[in-house]
Amino acid sequence: MLRFNDIAEQIEAYNPSADLGLLEKAYVFSAKVHQGQVRRSGEPYLIHPLEVAGILVKMKLDMASVITGLLHDTIEDTLTTMEEIKERFGDEIAQLVDGVTKISQISFKTREEQQAENFRKMILAMVKDIKVILIKLADRLHNMRTLHFLDPQKQQEIAQETLEIFAPIANRLGIDWIKTELEELSFRYLEPEAYRELSQKVAKTKKERERYVDEVKGIITKKLTELGITGEVTGRVKQLSSIFQKMKRQRIEFHDVYDITAFRIIVGTVKECYEALGIIHSLWPPVSGKFKDYIALPKGNMYQSLHTTVIGPYGERIEIQIRSGEMHQISEQGIAAHWKYKESGKIDEKDEKRFSWLRQLLEWQTDLKDNREFLQTVKVDLFPAEVYVFTPKGEVREFPKGATPIDFAYGVHTVVGHQCVRAKVNGRLVPLDYQLQNGDTVEIITSLKHHPSRDWLKFVRTSRAKTKILQWIKAEQREKSIALGRDLCERDFKKFGLRFSKYWKPGAFGEVAHEFSLSDGEELLAAIGYGKITTQQVVGRLAPEKLKLVEKKAGEEGLGKIFKRMTSRPKGLVMIEGIDNVLMSFARCCNPLPGDKIIGFITRGRGVTIHTEDCINALAADPRRRIEARWALDGDTAFPTRIRIHSADKKGMLATISSSISRHGVNITGAQIKTTSDGTAESTFDIEIRNLKELKKVISGLQQIEGVMKVERVKEWQGPAGP
C-alpha cells in the first residue's frame, strides 16, 4: 500500500521547492471527508486517491496536479463543495477538481466507433487545462488495476469504455506506458478466455524466451561497444493484447506469430540512432517493408523512433526500436515530458490528417530543464473550431463553433428543425440563437403548427440547417404563389367574361403552360403569382377574341395608360436581363450600390426589386423569381448609404471625420454619435454615394485618421440616422 510519505519523498526528488505543507493539508482533508467510506475491495476509500496521486508523481506532474489527485473524488463522493475546495486550496486546484468531476459525470452509453471518437474529442475539448485529462487518466488506471473486485458485467462495461475512450486519449497525448497498461487490462476483462490462454502459452516459453532475449541483447551490446556507441538494450515479449489483435487481424494461431519478441535500443544522439540501425542490418537481414522512420517523420503525438524487423538468430523474426534517451522519455511520458506550449501555435485540424493538433500545439524543447514550466502554462483549446454536445439520450454530436439549438434540431431531423419552437440546454430554456458550449445537453421542443423563420438564417452555422430552411421558405413561397396565381386568374378571368374553372378542369392550362415552356398548370399558376406571366397573356392564348374585345373597349385612357404608368422607370441605372420597361426598386434590407454584385427579384405589384447577391433575403427567395441584373454604365445617381465608425472619444474627432467625408465630395444627410465609458465612440453617418468605388475611397480616408479603429459599411438599415 502506498503511503503519504512515499509520495512526498518522490515529489521532493524531482521538485525540491514543492509545498509539502499544502500537500499534507490535502491528504488530511481527503482522509477526513472520505472517512468511513470503503471500496468494493473492503479497503478504506483513501487508498484510491493516494494511488492516483502516486501515478501522477510517477508522471512527474506539478504540485497542483498531485493535490488534485488526492481531492479528485471529494465533490462527487462526499459533502464537500467547490467553494470549500477553492477556499482551502485556491482557484487552480478548484478548477482542476471541477474539470475531473465533470468528466467523471459523463455517461458513455453508446459503443459505436464514431460515437466513441466523438466522446474522446469532447473530453479533450471540454477542458482548458490538459492536467485535468492527465489526472483523469491516472484515476482510470487505478480503477482498472482494481477492477477484479467488481461483478463481471461491470468489469466488461468499464473495460470497453477504457479501451474505446481513455486508452486512445493516452495514446494521443503520447503517454505510452499508461496507454499500454490500459489496453492490457481492458483485454484481460473483455476477452478473459483468450487472455488466460495467451498468458499460459507465453508462460510455457518464458525460460526459453529469457535465454533468447539475453543472447540477442549480448550480440547487440557487444557490436555497439566495438563501434564506440554507448547504448542500453532491453528485450521483452510484446503485450498480450497486441499479440491477440495481430492473431485476429491476420487470422492466424499463436504458433504462427513470429515476431512476439521486441527489443529496444536507447542511444545518446539522433546520429547514433541511424548508426545503430546500420549495425542491426549488418547483423541480420531486414524484413522487406517492415522499416519505419518515425524520427524523420514523427507520429501525430510527436513519437519518434526507428522501427525495423529483422530475421534474428535461429531464423526468428524480431522487432527492434531505436531511439535516443530524449525520445524515449517523450515516448513514455508524452505531453508531460520536455514539451512547452507556445501561445503563437495555431491549431487547424482541417489542415492536418487525423489529430496532428498535438504537433502544432507542442514543440520540441532541448533547453527545458523542468516540465513544471510546461504544466504551469498548458491551458489550451484543443479544438477551437468545434463544439461537442449531448442529445437527451447521451449521444455526442459535433457542430461548428457558434452553432445554435436550431443547428442541433436540423442535425437530428429535418422535421425536428422545421417544428422547433423552444430549446432547453442543461434543463433550462434558452433563446434559439444561444451558442452551444462543450458538454451541453440539448433538448428540442417542437410543435406541429410551427414552421421555420427567415430570421434563423441570420444565426445558424451549419450548411444543413441553412439549406433546409431555404428549401422550406422557397417551397412555401411557391405554394403561396400558386394560390395567388389561382386567385388572380379567378378574378381577372371574370373581367373577360370567362370562368376560370372551365379552363382549369379539362387541362387547357397544361397546354398553355407548355407554350410558356413550363411543366404543368400549377407551374403556370406559380409563374402568374410570381408576376413573370400576366393573366392577359394566358387569356390571349385561351380566348384571344375576348382579349381583343376588352382591349378595344378600354381605349388609351384605360388599361393602356395604367400599364405605361406602372412600367415606367428611371433609365440608365440597372439593366434587367430579358425584361424592358418594368417598375424597379432597391431593397432596403441590403441597400445595393453601383459596383456591388446584384440580382433582381420579381415581386407582385412592385415590379423588380434589386438586392445584393449575398443578401439573406435574396438567398431565401424562390429561384423562380430570380432574374439577372447588372448596373448600367451611364448611371450617375446618388444612393443613400450608411457607414459606422469606431474611434477614440476625444475632442475634435467628429469634426475631423466629417471633414474627411466632405473632402471626397460626398454629402452627409444624417449622423448619430454614441460614446461609451471606456473612452470610445461609435459614429453612424448617412451619406449619398454614387458607387462602390467612391465608398471605398471614403472608408480608406477615414481609416487614415489617428484614433479611428474600425470603419464599416452598414447594409441592413431603415430610416435616417439620428433622432
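This tour visits a three-stranded sheet, a helix lying across it, a second helix, and two stretches of low confidence.

The model is predicted, so local features need pLDDT of at least 70 and side-chain atom pairs count only at pLDDT 80 or more, while totals for chains, interfaces and linings use all residues. Residues are numbered from 1 along each chain as its sequence is written, and side-chain values use heavy atoms, with hydrogens and water left out.

Begin by selecting residues 420–425, strand β10 (strands are DSSP runs of E, at least two residues, numbered from the N terminus). β10 pairs with β11 in the antiparallel sense over three bridges; pairing requires at least two DSSP bridges between two strands. Select K424 next: its bridge partner in β11 is L429.

Now add 428–430 (β11) and 442–446 (β12). The open, antiparallel sheet has the order β11-β10-β12. β11 and β12 stand at the edges with a single partner strand each, so one side of each lacks a neighbour in the sheet. Neighbouring strands are turned by 40° against each other on average, direction ignored.

Proceed to residues 405–412, helix α19 (helices are DSSP runs of H or I, at least four residues). α19 lies across β10, β11 and β12, running at about 80° to β12; axes are lines fitted to C-alpha atoms, for helices over the stretch in contact (heavy atoms within 4.5 Å), and angles run from 0 to 180 degrees between N-to-C directions.

Move to helix α23, residues 508–515, where A508, F509, G510, V512 and A513 are buried (under 20% relative accessible area, 1.4 Å probe, protein chains only). S517, which follows α23, has a positive phi, near 65°.

Finally, colour by pLDDT, the predictor's confidence in each residue, from 0 to 100. The protein averages 80, but pLDDT stays under 50 over residues 337–382 and over residues 556–571.

How values were computed:
Buried < 20%, exposed > 50% of the residue type's maximum accessible area, 1.4 Å probe, protein only.
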